[in-house]
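Got the model open in your viewer? Let's take a walk through it, one selection at a time.

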Amino acid sequence: MLLLIPAMVRLGFWQLHRHEDRVARNELIARSLDAPAVPVGELTAPGRGPDDGDRYRTVRATGVYDTDEEVVVRQRTGADSRRIGYHVITPLVREDGTAVLVNRGWVPAGEDLTRFPEVPAPPSGEVTVTGRLMADESEGSGVREKEGLPPRQVMLIDSDRMAEELGRPVLGGYVALEETAPRPSGEQPEPLPEPDHSGIGAHLAYAFQWWLFAAAVPVGWAVLVRRERRERAEAAGRADGGGGAEDAGGAATAAGAAGSAVPAAPAAGRGDHPAH
């Protein structure tokens, strides 16, 4: 049982580190969202995504949407976290020929998941988009890329892979769209919600729980040991007391048996006169 204590302590520190990571992430998102918008080229470049401290920063990019190379990302939930659909990724080609991937939002999945869904068209001509700069997605997030998917469907947003398919340089990461100028007149994909940066989860509580469990183990072990010793002592005492009573009873029985073995003296009577 005592061997479990180091593991419990380590689990407590693991939960504590997760809590610290969550707090740091919340602070990063808050700072980034409050910072003024900057041109996207200042924070990312082809083959290089944003630094950790630049994630979620508000950026601007100007160009023309390339709808022929638009793809959708499978198995994404809507703002209510219940409906399943797609994220729409449309390359925005800038004046210098480089492209930036723009996540235009969410669309619902149709009945046939092998077909490209109905996606509202983006504005035509030159537009300026503003949004949050995000890092490329990786399989470490729990989602794995798959082979044999229907055309123009992917599992992860990967700027390097898109660069190969587009045949042009693509800035690392992508922009989660917030505003478009000029504003589109028709229907557009559902905007992505702002990343949560208020909740911290229950990791700190879990850490304290593991440490309390670790502290309780030796206490419980000591209680069990004391109880076992007390029960053994009581059992030994009962055994000793029962043996003395049994010896006394045995002696009394033996004495009674010895007394019954002594012959009684004959009583005087008429039949005992001497013969003449």
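Which residue follows H2, and what is the sign of its phi? Select Gly167: this is the residue after H2, and its phi is positive, near 70 degrees. A word on what you're looking at: this is a predicted model, where local features need pLDDT of at least 70 and side-chain atom pairs count only at pLDDT 80 or more, while totals for chains, interfaces and linings use all residues. Residues are numbered from 1 along each chain as its sequence is written, and side-chain values use heavy atoms, with hydrogens and water left out.

**The whole chain**

Switch to a cartoon view. You'll find three helices and eight strands; helices (H or I, at least four residues) and strands (E, at least two) are DSSP runs, numbered from the N terminus. Going along the sequence, the order is α-β-β-β-β-β-β-β-α-β-α. Of the 276 residues, 31% are buried, where buried means under 20% relative accessible area, exposed over 50%, and partly exposed in between (1.4 Å probe, protein chains only). Contacts (heavy atoms within 4.5 Å) reach far along the chain too: among those between residues at least 6 apart in sequence, 71% join residues at least 24 apart.

**Helix H2**

Now select residues 159–166, which make up H2. Its buried residues are Ser159, Met162 and Leu166. These sit on the same side of H2, because they cover an arc of only 60 degrees around the axis, taking the arc from the directions from the helix axis to the C-beta atoms. Show E3, E4 and strand E5 (99–108) as well, since they are among what covers those buried residues. At the start of the helix, pick Asp158: one of its side-chain oxygens comes within 3.1 Å of the backbone nitrogen of Asp160.

Still in H2, show Arg161 and Glu165 as sticks. Their side chains form a salt bridge (3.6 Å, N to O), meaning a side-chain nitrogen of Lys or Arg within 4 Å of a carboxyl oxygen of Asp or Glu. The two are four residues apart, so about one helical turn separates them. Arg161 is partly exposed at 29% relative accessible area, and so is Glu165 at 44%.

**More salt bridges**

How many salt bridges does a search of the whole structure find? It turns up seven. Go to Glu190 and Arg83, which meet at 3.0 Å, N to O. This pair ties together distant parts of the chain, 107 residues apart: Glu190 is in the loop between strand E8 (174–181) and helix H3 (203–260), and Arg83 in the loop between strand E3 (71–77) and strand E4 (84–93). Add Asp80 to the selection, and you have a salt-bridge network of Asp80, Arg83 and Glu190. For another one, try Asp96 with Arg94 (3.4 Å, N to O); Asp96 is exposed, at 52% relative accessibility.

**Thr90 and two rings**

Next, click on Thr90 in strand E4. Buried or exposed? Thr90 is buried, with a relative accessible area of 0%. Beyond its neighbours within four places in sequence, its contacts include Tyr65, Val100, Leu101 and Arg104.

Keep Tyr65 and Arg104 on screen: the charged end of Arg104 sits over the Tyr65 ring, 5.9 Å from its centre. That label needs NZ of Lys or CZ of Arg within 6 Å of the ring centre and within 35 degrees of the ring normal. For your last stop, select Arg152 and Phe116, where the charged end of Arg152 sits over the ring at 4.0 Å from its centre.

Definitions and conventions:
A polar contact is a pair of N or O atoms within 3.5 Å; within protein, one must be able to donate a hydrogen and the other to accept it, and residues adjacent in sequence count only if both atoms are side-chain atoms.
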